[in-house]
Every structure is written in structure tokens, then in C-alpha cells.
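Student: I would like to go through this structure by question and answer. Where should we begin?

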Amino acid sequence: MMPLASVWDERLRRTFGLSMLDHPARLQDGIHAACKELSLASDAELLARLEQNDANAKAALARALTVGETYFFRESAQLDHFRAELLPGALARAPRPVVVVSAGCSTGEEAYTLA
């Protein structure tokens, strides 16, 4: 059984700066996948290894919780919101060019898409 979501949320925030409270099923799937990869019997074992700052546990959980794909124009709804709402507001406020960061953009398709 998975420990309280708040325990996992606090651990993920400290480890990755990430919250999965809005995606409990995805969190549970990711924890299960990381446990399987590491041959752990329970999510409590994974949590204990994370508490010990185990690099293999962190890497397995990161792989299990993140999107492993990149391609041009990947999330059309997000791009539509960026184009219609965010960019016009930023351009109206900015006295100089607007800087956009695409963190963790793999091979760069998302950053080129924004450009």
C-alpha cells in the first residue's frame, strides 16, 4: 500500500522540485515502475532508499515519472495557450526581447517550436 500522498509529495518536492498531487494515478504507476526496476517489494522500500539519497532510486523514479518523448509541436493545447495568452502579455510588458525557458527539453524540439 502506498504511503500517504502528502508523504510522497513532500519527498518529490525535496528530491525533484515536483508535485504529483494532481496526478495520483500517474504517481502510483511511476512508483510501481521504479520499484519493479529496482526489484523492491514495496513503495515503502523505495521511499526509504530516497530518504537515504540513493542515486539509483532517484534515477529510477525520475525515469518513471517523466515524459520520455520529444517532438515538434508536441502539446498543441499548451502551445495554443502560450500563443494566445502568455506571449501577447509578455510582449506587452517587456521592454526587451522575451526570454522563454524550456527546461528538460531533451533534444530541443520544444525550444525550437517555441521559437
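Tutor: With a cut-off: a residue is called buried under 20% relative accessible area, exposed over 50%, and partly exposed in between. Note also that this is a predicted model.

Student: Is tyrosine 112 buried or exposed?

Tutor: Tyrosine 112 sits in helix α6, which spans residues 109-114. Its relative accessibility is 62%. Since the cut-off for the upper class is over 50%, tyrosine 112 counts as exposed.

Student: Which residues form a nonpolar patch on the surface, and what is their accessible area together?

Tutor: Tyr112 belongs to the patch, along with Phe72 and Phe73. Together the accessible area of Phe72, Phe73 and Tyr112 is about 410 Å².

Student: How are the axes of helix α1 and helix α4 oriented to each other?

Tutor: Helix α1 covers residues 5-16 and helix α4 residues 55-65; their axes come within 12 Å and cross at roughly 105°. Angles of 65 to 115 degrees count as roughly perpendicular. Therefore α1 is roughly perpendicular to α4.

Student: Which residues of α1 and α4 make the contact?

Tutor: From α4 come Lys58, Leu61, Ala62 and Leu65. The α1 side of the contact consists of Trp8, Leu12, Thr15 and Phe16.

Student: How many residues apart in sequence are glutamate 51 and arginine 11?

Tutor: These two form a salt bridge, with the closest N and O atoms 2.9 Å apart. Glutamate 51 is in helix α3 (residues 43-51) and arginine 11 in helix α1, so the bridge ties together parts of the chain separated in sequence by 40 residues.

Student: Which of the classes buried, partly exposed and exposed holds arginine 11, and which holds glutamate 51?

Tutor: Arginine 11 has a relative accessible area of 7%, so it is buried. For glutamate 51 the relative accessible area is 46%, which makes it partly exposed.

Student: Which residues are linked with Arg11 and Glu51 in a network of salt bridges?

Tutor: The structure holds nine salt bridges. Some join into a network that contains Arg11 and Glu51. The other members of that network are Glu10 and Arg14.

Student: What separates aspartate 80 and arginine 83 along helix α5?

Tutor: Aspartate 80 and arginine 83 form a salt bridge, their closest N and O atoms being 3.0 Å apart. Aspartate 80 is partly exposed, because its relative accessibility is 41%. The two are three residues apart in helix α5, so the separation is about one helical turn.

Conventions: Residues are numbered from 1 along each chain as its sequence is written. This is a predicted model: local features need pLDDT of at least 70, side-chain atom pairs count only at pLDDT 80 or more; totals for chains, interfaces and linings use all residues. Side-chain values use heavy atoms; hydrogens and water are left out. Patches are made of residues with over 30% relative accessible area and no salt bridge: like charges are joined within 9 Å, nonpolar side chains (Val, Leu, Ile, Met, Phe, Trp, Tyr) within 5 Å. Accessible areas come from the Shrake-Rupley method with a 1.4 Å probe; for residues, only the protein chains shown count as cover. A salt bridge is a side-chain nitrogen of Lys or Arg within 4 Å of a carboxyl oxygen of Asp or Glu. Helices (H or I, at least four residues) and strands (E, at least two) are DSSP runs, numbered from the N terminus. Buried means under 20% relative accessible area, exposed over 50%, partly exposed in between (1.4 Å probe, protein chains only). Axes are lines fitted to C-alpha atoms, for helices over the stretch in contact, and angles run from 0 to 180 degrees between N-to-C directions. Angles under 35 degrees count as roughly parallel, over 145 as roughly antiparallel, 65 to 115 as roughly perpendicular and the rest as oblique. Contact means heavy atoms within 4.5 Å.
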